[in-house]
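Here is a short briefing on a protein model. Keep the structure open as you read, and find each residue as it comes up.

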Protein chains: 2
Amino acid sequence: MSAFVRLSKKMNLISDLGAATAVLGWDQETYMPDGAVAGRAEQMATLSSFIHDHITNADSASIVEDVKQELPSLTNREQLVATTFIRDHDRALKLPSDLVQDQARTASMAQDAWKRARQASDFSIFQPLLEKTVELKRREAEIIGKAEHLYDNLLDSFEPGLTVATVTPVFDRLRIGTTALLREIEPNQVNVSDAVLYRTYDGDQQLLFASDIIRDLGFDFHTGRVDISAHPFCTSFGSTDVRLTTRIRPNDLRSCLFGLIHEAGHGMYEQGISPELARTFSGQGASMGIHESQSLFWENIIARSEEFWHWAFPRLRSVFPDQLKDQDVRSFYKSINKIQPSMNRVESDELTYNLHIILRFEIERDLIAGTIEVKDIPRVWNEKMEAALGITPANDAEGCLQDVHWSFGGIGYFPSYTLGKLYAAMEWNAMQKEMPNVREHVSNGNFAPILAWLRTNIHAYGRTEQPHEIIQRVAGRPLTEVDFLSNVGAKAHNVYGI
Amino acid sequence: MSAFVRLSKKMNLISDLGAATAVLGWDQETYMPDGAVAGRAEQMATLSSFIHDHITNADSASIVEDVKQELPSLTNREQLVATTFIRDHDRALKLPSDLVQDQARTASMAQDAWKRARQASDFSIFQPLLEKTVELKRREAEIIGKAEHLYDNLLDSFEPGLTVATVTPVFDRLRIGTTALLREIEPNQVNVSDAVLYRTYDGDQQLLFASDIIRDLGFDFHTGRVDISAHPFCTSFGSTDVRLTTRIRPNDLRSCLFGLIHEAGHGMYEQGISPELARTFSGQGASMGIHESQSLFWENIIARSEEFWHWAFPRLRSVFPDQLKDQDVRSFYKSINKIQPSMNRVESDELTYNLHIILRFEIERDLIAGTIEVKDIPRVWNEKMEAALGITPANDAEGCLQDVHWSFGGIGYFPSYTLGKLYAAMEWNAMQKEMPNVREHVSNGNFAPILAWLRTNIHAYGRTEQPHEIIQRVAGRPLTEVDFLSNVGAKAHNVYGI
């Protein structure tokens, strides 16, 4: 048996275990009874340890050695698939299992402490465990140890190849451009009201409408489904089984609709990965950032465009005639594109969202570099909020305790969200060049050519390319904030009549 | 580390993998999108092979050897738990892992084919995969190879210790007694009408009522839930996560209600297993037959008793006042105990049900013995239906495609249902001796003492005892058809006024 065939069998087994773990995770968030929490934790831990063992065991090491010899004789696709596995194997092998266990234990305690801290709006409850988390992540970064900045080693696990050196100037220019645009918008706030979004909308009808929309966008219900959970997510057990969740708020029309379109963007990515990559380590999205570029592409670029509502608004109004009787396409389009500084990342608009991310990025980077300490976070957070958005949180719950990410050790994760926005804008501009009538397609509810373009240029590749390779190939240049700023600026000028 | 501790850790890991497999199976029957069938089959096959590997690998063999040495110094419970594992280990060791994997993959594909075949009422869609299934089960039986009849080796995996030689005379006497009773009932058919059951009952209200009933019986929704599936079932991922399913038919009041009570009987058994047995090989029901004795105890002995409806009928009538306005407890009780030969096992009455089972038992036995072939099933089925029940199915969906069991490789399973009826009658007679006022408890909707008795005498033991040991302990004698025939005969005389 060739080394590549042995590797494929190995990857198939581990992928199946990963899919099973994901099914258990999905079930936990959707249907699992409350009393099953402890048992489910044991099951998940067992599966995770099986997966880790099978990536790092002696058999795996021997396959990796043999595949390296065999590489020159493999096809291009086989080389890419093998290389992905080797990279994951090398990274997993570097981390001592006592560190991994310590991180898992700390994460579990820290998530509990974070919940209590947020409830009490008291950062000091979370502080000791966040200190431990940062210390362990710093140890992890030191062990990986290949990069200029320690923090680069953490960024790399979410966005392979991303560094402080490349992202900092992009984020700096993005902040400057954002601030300038905000200054233009501020005196024109009176031109846009979003009050219509907070009328009362029947929950079942919201879900039905949102489900119809994502079906029309191209989410395939033959290989996917939608359920309800406390926090929306997308998970996949292979490209033929993709699960979305959403939540419904009767007094916020955005939550279910844009939430589900966002998750469907993730889901269509997973559904579009080449079947040839199934059950390999390349049969997933390329990175968190590229994944976010897909969800944000559909949520912000398509579903927050005027052309989209030209098509969708009559349908929405036929579902909610009373609530929308004083609205037209234009007024509705304006309401979903209102830009206004706010305290909460998740609920913020397309533009100011990035200021929330840059703030978190700088704090993470400086924590890992050791130039600030965990105890400084509430003060630094509030200062940065005031400087960036002109508002100061009233308390820790509203401020530095709002996100779950740090509590589970997700340091290096936040930048992906803004990368997703920048990538999405670059993809959209590239698409427009190749398909000049794409806006017309959107107006007509003809999304098939758009999805086909994303499939061909991004989805099918799965994880065989690095994010920077994908973007270079698609947009013809490396990561830049220019496309995002110019597109969002044009939209803001249109919406605000500037 | 003692051998028993090593064994416990081993059993914990394997139990967790088993629970994960069960979650995937539950998901497949409830929520999984159609397009995911092939991928799910791979995942199930991988998990099954991991389980098989971990039961049979060298580490496991060494633990078994060491535990055998340690047995005399273990507590009684530890000895029983260890012995259960050793028995499973010995059986699994005989089965090659390619066979196990092939069976899992075939089962997943065959279940899909069976669904399509039943929908199209065309046995030929299912035939090739059933042929493969039978071939694989025959290989399994040949490899186990310890028994007089090949089929005994399959019976044994559902009902340890059961053989064609022991069950045949019991089934023969049961058939004779059943036929005699049917002959008595036939001229009195006019005395009982069940037309009320086929009026129109709102599906949501049926489900709500049935859910309330099982909550009152003692099914714990904190550690369990109810979903809808094509074929009702109960599955458990440990005693703190028990899933029931049911189906709803607006024109058949029995389907949802008695189906759910039946599955809740299984579910309460799982919920009642001693927590000390969690994540061991003894933390499950003792056998399929004992499991059925629990589901049938609640479905037939409790929920088809006149005392039960004394309590439940006013509640049911308050939900469906129009449909039940011409009914009283007595007429309703008679309607749910009508005895009448019919096509469908699941919907057949308490008495003729066993004739359906004996038919399946004979077909399975002859398939494995090779005296009939899969392609003969539709013809043989119809001939046997005519001989036993005097009726012939109009098509395959109504006949040999009605049950899911063969599609997942459950050959040897069917006899358990009738064993369950015989055991349940023996348990009920034993319970009445120890608790003379038990019928009064039922009249008052006071089910707690009944559940407590079953917990203490049956549930808590899990799989630490063999079925014949449980029945001997509880009833003071081995398997017999006498209790069943005398109880069901007395009820029929009451219902039919004979």
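In the hairpin of β2(A) and β3(A), 5 residues sit between the strands, and A:Gly238 there takes a positive phi near 110°. This is a predicted model. The points below start from that hairpin, then turn to other backbone angles, the sheet of chain B, the cores and the contact between the chains.

**The strands of chain A**

- Strand β2 of chain A covers residues 234-236. Its pairing with β3(A) is antiparallel and runs over 3 bridges.
- One residue pair shows this: A:Thr235 has A:Arg243 as its bridge partner in β3(A).
- Strand β1 of chain A, residues 224-228, also pairs with β3(A). Here the sense is parallel, and there are 5 bridges.
- A:Arg243 appears again in this pairing, as the bridge partner of A:Arg225.
- Is β3(A) enclosed or open to the outside? Of its 5 residues, 5 are buried, so the strand is largely enclosed by the rest of the structure.
- The two faces of β3(A) are both covered. On one side lie A:Val242, A:Leu244 and A:Thr246; on the other lie A:Arg243 and A:Thr245.

**Positive phi outside glycine**

- A:Ser121 is not a glycine, yet its phi is positive, at about 50°.
- Look for A:Ser121 in the loop between α5 (97-120) and α6 (123-144) of chain A.
- A:Ser121 has 15 C-beta neighbours inside 10 Å, so it counts as partly exposed.
- A:Arg279 also has a positive phi, near 60°, and is a residue other than glycine.
- The loop that holds A:Arg279 runs between α10 (253-272) and α11 (288-302) of chain A.
- Is A:Arg279 buried or exposed? It counts as buried, because it has 21 C-beta neighbours inside 10 Å. The cut-off for buried is 20 or more.

**A residue in helix α20**

- A:Asn494 belongs to helix α20 of chain A, residues 482-496.
- With 14 other C-beta atoms within 10 Å, A:Asn494 is partly exposed.
- How far apart are the C-alpha atoms of A:Asn494 and A:Glu70? They are separated by 57 Å, and the two residues are 424 residues apart along the chain.

**The sheet of chain B**

- In chain B, 3 strands form an open sheet with mixed pairing. Their order is β1-β3-β2.
- The edge strands are β1 (224-228) and β2 (234-236) of chain B, and each pairs on one side only.
- On average, neighbouring strands of this sheet are turned by 20° against each other, with direction ignored.
- β2(B) and β3 of chain B, residues 242-246, run antiparallel and are joined by 3 bridges.
- Within that pairing, B:Cys234 has B:Leu244 as its bridge partner.
- Helix α10 of chain B, residues 253-271, lies across β1, β2 and β3 of chain B. The helix runs at about 170° to β3(B).

**The nonpolar cores**

- Which residues touch the most other members of the largest nonpolar core? They are A:Ala20, B:Ala20, B:Ile261 and B:Ala264, in a core of 148 residues.
- The largest share of this core comes from α1(B), with 11 residues.
- B:Ile261 touches B:Ile213, B:Ile214, B:Trp298, B:Glu299 and B:Ala303, leaving out residues up to four places away in sequence.
- A second, separate core has 104 residues. Among them are A:Ala117, A:Ala210, A:Ile214 and A:Cys400.

**Where the chains meet**

- Chain B gives 31 residues to the contact, and chain A gives 29 residues.
- On the side of chain B that touches chain A, the elements giving two or more residues are α1 (3-30), α2 (37-56) and β1 of chain B.
- The largest share of that side, 8 residues, comes from α1(B).
- By residue type, that side of chain B has 14 nonpolar, 9 polar and 8 charged residues.
- A turn of 172° and a shift of 0.9 Å along the axis lay chain B on chain A, with an RMSD of 1.6 Å.
- Why do the copies meet through the same surface? Of the interface residues of chain B, 94% are also interface residues in chain A, so the surface is the same on both.

Note on methods
Residues numbered from 1 in each chain as written. Chains lettered and ligands numbered in written order. Predicted model: local features only at pLDDT ≥ 70, side-chain atom pairs only at ≥ 80, totals over all residues. Pairing = 2+ DSSP bridges. Helix = DSSP H or I, 4+ residues; strand = E, 2+ residues; numbered from the N terminus. Axes fitted to C-alpha atoms, helices over the stretch in contact; angles between N-to-C directions. Contact = placed C-beta atoms within 7 Å. Nonpolar A, V, L, I, M, F, W, Y, C, P; charged D, E, K, R; others polar. Core = buried A, V, L, I, M, F, W, Y, C linked by C-beta atoms within 7 Å. Buried ≥ 20, exposed ≤ 12 C-beta atoms within 10 Å, placed from the backbone. Least-squares fit on C-alpha atoms with pLDDT ≥ 70 in both.
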